[in-house]
Amino acid sequence: MHRPTLTQPTQSASRIAQLFRRGDHWLWLCGGALGLTVLLITGLLLLVVANGFTYFWPYKITAVDRADGTKLMGVVTATQPAVKETPAQTQLRVGNRELNNFDFIWVPTVQLTNFHQPPDAVQIERQENGDFIGFLQRVEVKGQTVASGDAAWTKLHELQPGARALAAQAKAIQRDGIGAVNARMQRAKLRLRSAQLKAPTGAAIDPLLKASVETEVAALQSDYDKLRAVSGELVARSIEAQAVLRTIDGQEKTIPLASIVRAFRPNTMSLVEKFGHYLSRAADFVTGEPRESNTEGGVFPAIFGTVMMTLIMSVVVTPFGVIAAFYLREYAKQGLIVRLVRIAINNLAGVPSIVFGVFGLGFFVYFVGGGIDQVFFPERLPAPTFGTGGILWASLTLALLTVPVVIVATEESIAAVPRGAREGSLALGASKFQTIFNIVLPASVPGILTGVILAMARGAGEVAPLMITGVVKLAPELPLDGSYPFFHLDRKFMHLGFHIYDVGFQSPNIEAAKPMVFTTTLLLISIVVFLNLFAIGLRDRIRRKYQTGAF
Amino acid sequence: MPGREAARPAATALPPKIRVRGLDLFYGAKQALHAVALDIAEKKVTAFIGPSGCGKSTLLRCFNRMNDLVDGVRIRGEVLLGGQDIHAPNLDVIELRKRVGMVFQKSNPFPKSIYENVAYGLRVAGVSQKAALDGVVEKSLRGAALWDEVKDRLHESALGLSGGQQQRLCIARAVAVEPDVILMDEPCSALDPIATAKVEELIHELKKQFTIVIVTHNMQQAARCSDQTAFFYLGKLIEYAETRTIFMNPANAQTEAYVSGRFG
């Protein structure tokens with residue numbers, strides 16, 4: 001009788017059967033599904049990284065002649081091959097928005113001749129109107145030419161920091177000095193108003209108080225006028241130095257040095273200079289304030305708002321979720337009602353986030369916030385203080401949105417605490433509460449943190465509910481600053497997620513804003529990763545402390 | 001009627017520490033203990049033996065009302081500790097558990113330092129003076145023959161100890177609250193022979209001060225360290241007598257079959 005050897009399948013025909021018997025087809029299916037998922041995520045990240053990282057790079061400026069005799073100069077940003085009747089096209093970023101009314105132009109490639117890269121082509125990043133691309137003619141101070149030709153380029157870099165500093169000084173006075181005076185004046189007036197509200201109807205308010213407020217207001221008014229004069233003078237001095245430039249088609253343009261953020265000649269920059277330029281722009285992006293309806297400049301207020309909102313949310317959601325989970329798991333009588341509550345919690349996680357936003361607007365903003373205004377800030381009404389969207393309400397709304405995640409994770413980690421640990425504590429005469437507080441809670445901290453990590457990841461990326469509970473396109477002040485009471489939880493704030501939506505879909509100059517969308521996305525992803533790494537590090541430290549050893 | 005009359009070994013000098021009468025215990029509809037009645041002598045070691053599922057651990061867990069934690073448990077009959085009914089409605093379970101300590105099958109030190117493990121029972125009872133705690137910790141660790149091994153690392157994690165040390169730490173933890181009775185639920189089943197020998201030695205020492213009830217699967221262990229032995233089978237107390245009698249000259253045929261290794 002023939003017996004198959006152990007190492008060889010008897011016939012090749014039975015290989016398929018063997019494969020099915022071993023369950024290899026399931027293995028391949030599972031592996032394939034995982035592979036596809038990883039591929040998609042990697043692709044998405046690569047797309048974001050590739051587009052996000054190139055935003056700050058100084059590309060060379062190309063000058064071309066058009067068939068109609070005019071000339072163009074700019075950065076070649078895209079080319080498109082011929083499709084049927086449409087000829088091949090080239091896209092140039094020509095800048096000079098105030099002269100052309102556009103930044104980008106598509107031109108049929110056949111019309112373009114004489115591609116060259118003039119070494120003295122200048123690109124200027126400005127405070128407004130986007131970039132200027134052209135040639136530097138001369139530098140003037142108070143209308144007098146101080147340098148022209150090659151010397152002008154050196155002179156420009158020599159004078160520009162001074163002019164920028166003057167402008168920055170003027171801005172600081174406007175923002176901090178005048179802002180503080182305004183706030184104090186407002187407070188003085190509110191004192192009077194509040195006294196008026198408290199006084200019985202018809203009764204005159206204390207004349208002494210009135211007089212003191214009036215003197216204070218007068219003094220503040222004179223401070224205000226002085227500061228205005230100083231800042232006006234600084235502004236006037238800052239714009240004394242100007243650069244006169246010429247576009248490729250011969251138009252002249254005068255730009256004050258104070259409004260030049262950066263002037264550079266990409267065609268003659270070395271690689272090291274280009275890297276320096278790249279890093280300096282990237283640093284500006286992370287630490288600077290937005291310009292030109294958010295399409296230029298930095299996103300610092302949005303980073304700050306995102307991080308602060310996520311942290312407030314975590315601080316609120318963690319105790320609430322943990323306490324709820326402990327009650328559900330340890331104290332509530334297990335039965336129909338608790339089962340229904342659990343189902344409700346799980347379903348809460350599936351409610352569209354905009355619904356939470358609407359609830360937050362109705363409950364937190366109008367009901368709670370409106371109530372706070374009535375009780376604590378009646379003198380400011382009808383202008384709302386807490387009765388309008390703000391970072392506190394947005395954070396609370398997100399806390400509500402993410403609390404199911406924390407509850408579920410906490411419940412699971414409580415259930416995973418070994419029975420022996422509980423019994424050991426109870427057998428020593430500890431009460432149920434002491435056992436939970438001393439033994440169960442510490443042991444379930446890693447699981448709780450897992451829930452908080454998930455909640456943070458979800459919360460930081462959420463946009464829809466924020467749009468109606470406190471996020472704005474441009475917030476003049478940060479929700480945390482040096483003026484009393486430091487935490488301004490009533491203030492509106494900026495958020496990277498909303499910034500992406502706003503820049504990408506609501507800005508007037510979408511073509512120019514596109515790279516910024518990728519960069520902002522990259523930044524948002526990095527922040528979420530960073531926050532998560534922090535929480536994971538914390539969790540691992542605690543886990544090491546409580547891991548069961550020996551045996 | 002078997003069980004109504006208390007089984008009691010012949011010579012007991014002191015009045016019984018624990019007195020069990022007509023104890024029935026149900027897990028839901030399933031009855032786990034049938035009319036158990038026995039007396040446990042003070043400052044002696046009483047061993048419960050029997051095959052798995054015979055109810056010996058369940059009975060042990062009745063003595064400090066650990067079964068309260070299990071859903072659907074019903075108990076009938078009485079358990080008296082020093083004459084006091086432990087199921088009385090006004091009894092404070094926390095006080096009961098301070099008087100009846102327990103050591104578990106799997107050593108379960110808390111994820112805290114060695115010192116904090118021993119001090120835990122006192123801390124939850126509200127003792128916080130360092131001097132008092134220090135004294136008790138040292139005394140308990142000496143009592144559990146662990147002091148010399150751990151005195152230099154009292155503030156390191158208890159989870160770094162070996163299995164046998166962990167179990168002795170659990171004994172020290174139980175001793176620290178100065179109970180009257182210590183219940184041991186198969187305390188050596190997860191230990192190697194050397195660690196087991198140490199724990200058995202310790203049991204010998206402890207019985208001078210405490211009443212000990214030990215559940216064990218290891219017949220030699222029961223023979224070595226107990227004064228009285230109770231044999232359980234299918235939730236019933238089959239025979240209860242001096243350990244020597246149970247092993248040398250059992251009255252019941254089932255007991256004889258079990259201790260001689262012919263079933264179980």
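Okay, before anything else, one term: when I say helix, I mean a DSSP run of H or I with at least four residues, and helices are numbered from the N terminus. With that, H11(A) is easy to place: this helix of chain A spans 419-427, and H11(A) gives four residues, the largest share, to the lining of the second largest pocket. Keep in mind that what's on screen is a predicted model.

Let's stay with that pocket for a minute. Its volume comes out at about 860 Å³. There are 26 lining residues, and the ones closest to the centre are Glu330(A), Arg422(A), Lys432(A), Leu69(B) and Asp71(B). So which elements supply at least two residues each to this lining? From chain A, that's H7 (300-331), H10 (391-415), H11 (419-427) and H12 (432-460), and from chain B, helix H2. If you sort the lining by class, you get twelve nonpolar, three polar and eleven charged residues.

Now, the contact between the two chains. Chain B brings 28 residues to it and chain A brings 22. People often quote the size of an interface as the accessible area lost when the parts come together. Here, chain B and chain A bury about 2,000 Å² between them, and 65% of that is on carbon and sulfur atoms.

How many salt bridges cross the interface of chain B and chain A? Just one turns up. The partners are Arg61(B) and Glu423(A), with their closest N and O atoms 2.7 Å apart. As for polar contacts, four residue pairs make them across the interface, counting pairs with both residues at pLDDT 80 or more.

On the chain B side, the elements giving two or more residues to the surface that touches chain A are helix H2 (93-99), strand E6 (100-103), helix H3 (114-124) and helix H6 (163-176). H6(B) has the largest share there, with four residues. By class, that side of chain B divides into 15 nonpolar, seven polar and six charged residues.

Last stop: salt bridges over the whole structure. The search finds 35 of them over all chains. One I'd like you to look at is Arg262(A) with Glu125(A), at 3.0 Å from N to O. Arg262(A) sits in strand E11 (residues 260-264) of chain A and Glu125(A) in strand E6 (residues 122-126) of chain A, so this pair ties together parts that are 137 residues apart in sequence.

That's my tour, thanks.

Terms used
Residues numbered from 1 in each chain as written. Chains lettered and ligands numbered in written order. Predicted model: local features only at pLDDT ≥ 70, side-chain atom pairs only at ≥ 80, totals over all residues. Heavy atoms only, no water. Contact = heavy atoms within 4.5 Å. Buried area = accessible area lost by both parts, 1.4 Å probe. Salt bridge = Lys/Arg side-chain N within 4 Å of Asp/Glu carboxyl O. Polar contact = N/O pair within 3.5 Å; in protein donor to acceptor, adjacent residues only side chain to side chain. Nonpolar A, V, L, I, M, F, W, Y, C, P; charged D, E, K, R; others polar. 1 Å grid on protein atoms, 1.4 Å probe; cavity = no way out; pocket = protein on both sides within 12 Å on 5 of 7 lines; lining within 4 Å. Points joined across faces, edges and corners; volume = space filled by probe spheres on them.
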